[in-house]
Amino acid sequence: MENSATPLILSVDDDAVLSVHVNSSLKKFYQVVSVNSAEAAFAFLKDKKVDLIVLDVLMPGMNGLQMYKLLRQDEATANIPVIFLTGSTDEELVEELIKSGADDFISKPVSPAELLMHVRNQLEKSKKK
């Protein structure tokens with residue numbers, strides 16, 4: 001991390017508009033880097049340590065849930081808090097997110113204040129671990 005005092009958030013979303021929304025909602029308080037795929041996220045995580053990941057569930061290629069499972073299997077990324085963003089109303093998907101041990105999830109659309117609250121809560125929890 002460039003500035004260790006300011007947490008680094010990685011936003012992973014294939015929707016450019018939502019990426020801008022997440023970035024603009026958080027950039028006043030955090031460093032935010034946006035990528036548009038799980039593959040790009042893993043490439044970024046090879047070189048950088050992040051404090052939290054905001055992860056879209058439904059993406060082409062590797063989806064957010066698949067990425068989350070791989071993150072948890074790697075010692076270097078296993079403890080990074082993840083907040084899922086989902087526009088899906090599929091109850092099975094939501095149930096799968098809960099069963100996966102997800103740190104948090106938010107339904108889209110999300111207001112900047114709500115997103116900020118979830119991010120702050122997860123960062124506080126991770127400090128206590």
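How many helices and strands does the secondary structure of the chain come to? Five helices and five strands, in a model that is predicted.

**View 1. The whole chain, element by element.** Starting at the N terminus, the elements go β-α-β-α-β-α-β-α-β-α. The radius of gyration is 13 Å, close to the 14 Å that the globule rule gives for 129 residues, so the chain is as compact as a globular protein of that length. Along the principal axes, its C-alpha atoms fill a box of roughly 40 × 30 × 30 Å. Of the 129 residues, 43% count as buried. Take the contacts with a separation of 6 or more, and 59% of them come from residues 24 or more positions apart. On the outside, the chain exposes about 7100 Å², with carbon and sulfur atoms supplying 53% of that.

**View 2. The sheet and its edges.** Here are five strands in an open sheet, ordered β2-β1-β3-β4-β5 and paired in parallel. β2 (31-35) and β5 stand at the edges with a single partner strand each, so one side of each has no neighbour in the sheet. From one strand to the next, the twist averages 20 degrees. As for what holds such a thing together, strands of a sheet pair through backbone hydrogen bonds, either parallel or antiparallel.

**View 3. Strands β1 and β2, with helix α1 packed on the sheet.** Strand β1 (residues 8-12) runs parallel to β2, and five bridges join the two. Look for Leu10, which stands opposite Val33 in β2. Helix α1 (residues 16-26) packs on the sheet and touches β1, β2, β3 (52-56) and β4. The direction of α1 makes about 175 degrees with that of β2.

**View 4. Phe44 and its contacts.** Is Phe44 buried or exposed? Its relative accessible area is 18%, and buried means under 20%, so Phe44 counts as buried. This residue belongs to helix α2 (residues 38-47). Setting aside neighbours within four places in sequence, Phe44 is in contact with Leu8, Leu10, Val33 and Val50. Two of these names come back from the previous view: Leu10 and Val33 stand opposite each other in β1 and β2. For a distance to check, the C-alpha atoms of Phe44 and Ser34 are separated by 9.9 Å, with the two residues 10 apart along the chain.

**View 5. From β4 over α4 to β5.** Together, β4, helix α4 (residues 91-99) and β5 make a right-handed β-α-β unit. Strand β4 (residues 82-86) and β5 run parallel, with four bridges joining them. One pair to pick out is Ile83 and its bridge partner in β5, Asp104. Which side chains of β5 (residues 104-107) are buried? The side chains alternate along this strand: Asp104 and Ile106 point to one face and are buried, whereas Phe105 and Ser107 point to the other and are not.

**View 6. A cis peptide bond on the way to α5.** Between Lys108 and Pro109 the peptide bond is cis, and omega is near -5 degrees. Most peptide bonds are trans, for reference. Pro109 sits in the loop between β5 and α5. After that loop, helix α5 (residues 112-128) lies across β1, β3, β4 and β5. Relative to β5, α5 runs at about 175 degrees.

Notes:
Residues are numbered from 1 along each chain as its sequence is written. This is a predicted model: local features need pLDDT of at least 70, side-chain atom pairs count only at pLDDT 80 or more; totals for chains, interfaces and linings use all residues. Side-chain values use heavy atoms; hydrogens and water are left out. Buried means under 20% relative accessible area, exposed over 50%, partly exposed in between (1.4 Å probe, protein chains only). Two strands pair if DSSP finds at least two bridges between them. A crossover is right-handed if, with the strands pointing away from the viewer, the path from the first strand over the helix to the second runs clockwise. Axes are lines fitted to C-alpha atoms, for helices over the stretch in contact, and angles run from 0 to 180 degrees between N-to-C directions. Contact means heavy atoms within 4.5 Å. The radius of gyration is taken over C-alpha atoms; the globule rule is 2.2 Å times the number of residues to the power 0.38. Accessible areas come from the Shrake-Rupley method with a 1.4 Å probe; for residues, only the protein chains shown count as cover.
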